[in-house]
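Biologist: Could you walk me through this one? I'd like to hear the reasoning behind the labels.

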Amino acid sequence: MGIARLLRGRYGSEPEIDIEMQAARVRVTRPRKFDFKALHEGITRNNIGLSSLRLRANVMLKDGKVTIQPTGQSFPLRGEAADVTEPSFRWLQINDWTEPDRTSVEVIESPLESSPAQTLPEPAKEPGGP
Amino acid sequence: MKSAVTALGIGILVVACVAPGETIQPQQTDFAFLDIGLSG
């Protein structure tokens with residue numbers, strides 16, 4: 001129950017943990033600054049690794065910097081993305097979360113809509129076929 | 001051994017936290033939403 005308790009305590013809502021997808025999801029109901037290193041440490045204390053970290057938040061992008069609204073917490077932008085001068089929700093891939101001085105973010109497509117579970121399996125090949 | 005313990009831990013968490021077919025989604029009223037990839 002450690003990870004569920006960790007996420008509930010940090011983010012204030014009931015998390016979802018999906019064994020098949022090896023994923024956890026949680027709504028962050030109230031504004032707060034993120035400490036991704038502490039989140040990583042909390043998860044690994046449960047003998048589980050953290051393989052990816054994606055955040056949907058209301059952000060502004062300008063001058064190579066992504067600023068989360070309304071907390072003002074900001075991260076360097078990795079990769080290309082057009083400026084966003086009015087707060088707008090975006091999905092972000094968090095990079096280098098174990099090193100806060102190096103943590104950067106990348107603007108990505110929604111991971112919930114590109115889930116591998118929605119991809120059909122390839123058809124089986126005929127025995128003796130080409 | 002560590003992998004087995006990890007798998008068991010995740011399995012228990014799933015039973016405890018997720019109803020069948022349930023998927024939480026971001027809400028417009030939320031501050032943010034986190035999607036976390038886990039590994040054994």
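**Labels and the values behind them**

Modeller: Sure. A:Ser110 sits in the segment after strand 7 (104-108) of chain A. Bear in mind that this is a predicted model.

Biologist: What makes A:Ser110 buried or exposed?

Modeller: Its relative accessible area is 15%. Buried means under 20%, so A:Ser110 is buried.

Biologist: And what does the side chain of A:Ser110 have a polar contact with?

Modeller: With the side chain of A:Trp91, at 3.5 Å. The cut-off is within 3.5 Å, and the pair is listed as a polar contact.

Biologist: On to charges. Why is the pair A:Glu16 and A:Arg25 called a salt bridge?

Modeller: The N to O distance is 2.4 Å, and the rule asks for a side-chain nitrogen of Lys or Arg within 4 Å of a carboxyl oxygen of Asp or Glu, so the pair qualifies.

Biologist: Are those two residues buried or exposed?

Modeller: A:Glu16 has 2% relative accessibility and A:Arg25 has 10%. The limit for buried is under 20%, so A:Glu16 counts as buried, and so does A:Arg25.

Biologist: Which residue of chain B meets A:Arg25 in a salt bridge?

Modeller: B:Asp35, at 3.2 Å from N to O. That pair crosses between chains, going from strand 1 of chain B to strand 2 (residues 23-28) of chain A. B:Asp35 counts as buried because its relative accessibility is 3%. B:Asp35 also forms a salt bridge with A:Arg54, where the closest N and O atoms are 2.7 Å apart.

Biologist: Which residues are linked in a network of salt bridges, then?

Modeller: A:Glu16, A:Arg25, A:Arg54 and B:Asp35.

Biologist: What about B:Asp30 and A:Arg27: how do you know that they form a salt bridge?

Modeller: Their side chains meet at 2.6 Å, N to O, and the cut-off is within 4 Å. The pair crosses between chains, with B:Asp30 in the loop between helix 1 and strand 1 of chain B and A:Arg27 in strand 2 of chain A.

Biologist: Why is A:Arg27 called partly exposed?

Modeller: Its relative accessible area is 25%. Buried needs under 20% and exposed needs over 50%, so A:Arg27 is partly exposed. B:Asp30, at 6%, is buried.

Biologist: How many salt bridges does the rule find across the interface?

Modeller: It finds 3 between chain B and chain A, while the structure holds 8 over all chains. The interface also has 14 residue pairs in polar contact. Helix 1 of chain B gives the most to the side of chain B that touches chain A, with 10 residues.

Biologist: And how much area do the chains bury between them?

Modeller: About 3,500 Å², 64% of it on carbon and sulfur atoms. The contact draws 30 residues from chain B and 47 residues from chain A.

Biologist: How do you know that strand 3 of chain A and strand 1 of chain B pair?

Modeller: There are 8 bridges between them, in the antiparallel sense, and pairing takes at least two. A:Leu55 stands opposite B:Leu34 there.

Biologist: What makes strand 3 and strand 4 of chain A a pair?

Modeller: Here 4 bridges join strand 3 to strand 4 (residues 65-68), running antiparallel, against a threshold of at least two. A:Met60 stands opposite A:Thr67. In that hairpin, with 2 residues between the strands, A:Asp63 takes a positive phi near 55 degrees.

How values were computed:
Residues numbered from 1 in each chain as written. Chains lettered and ligands numbered in written order. Predicted model: local features only at pLDDT ≥ 70, side-chain atom pairs only at ≥ 80, totals over all residues. Heavy atoms only, no water. Contact = heavy atoms within 4.5 Å. Buried area = accessible area lost by both parts, 1.4 Å probe. Polar contact = N/O pair within 3.5 Å; in protein donor to acceptor, adjacent residues only side chain to side chain. Buried < 20%, exposed > 50% of the residue type's maximum accessible area, 1.4 Å probe, protein only.
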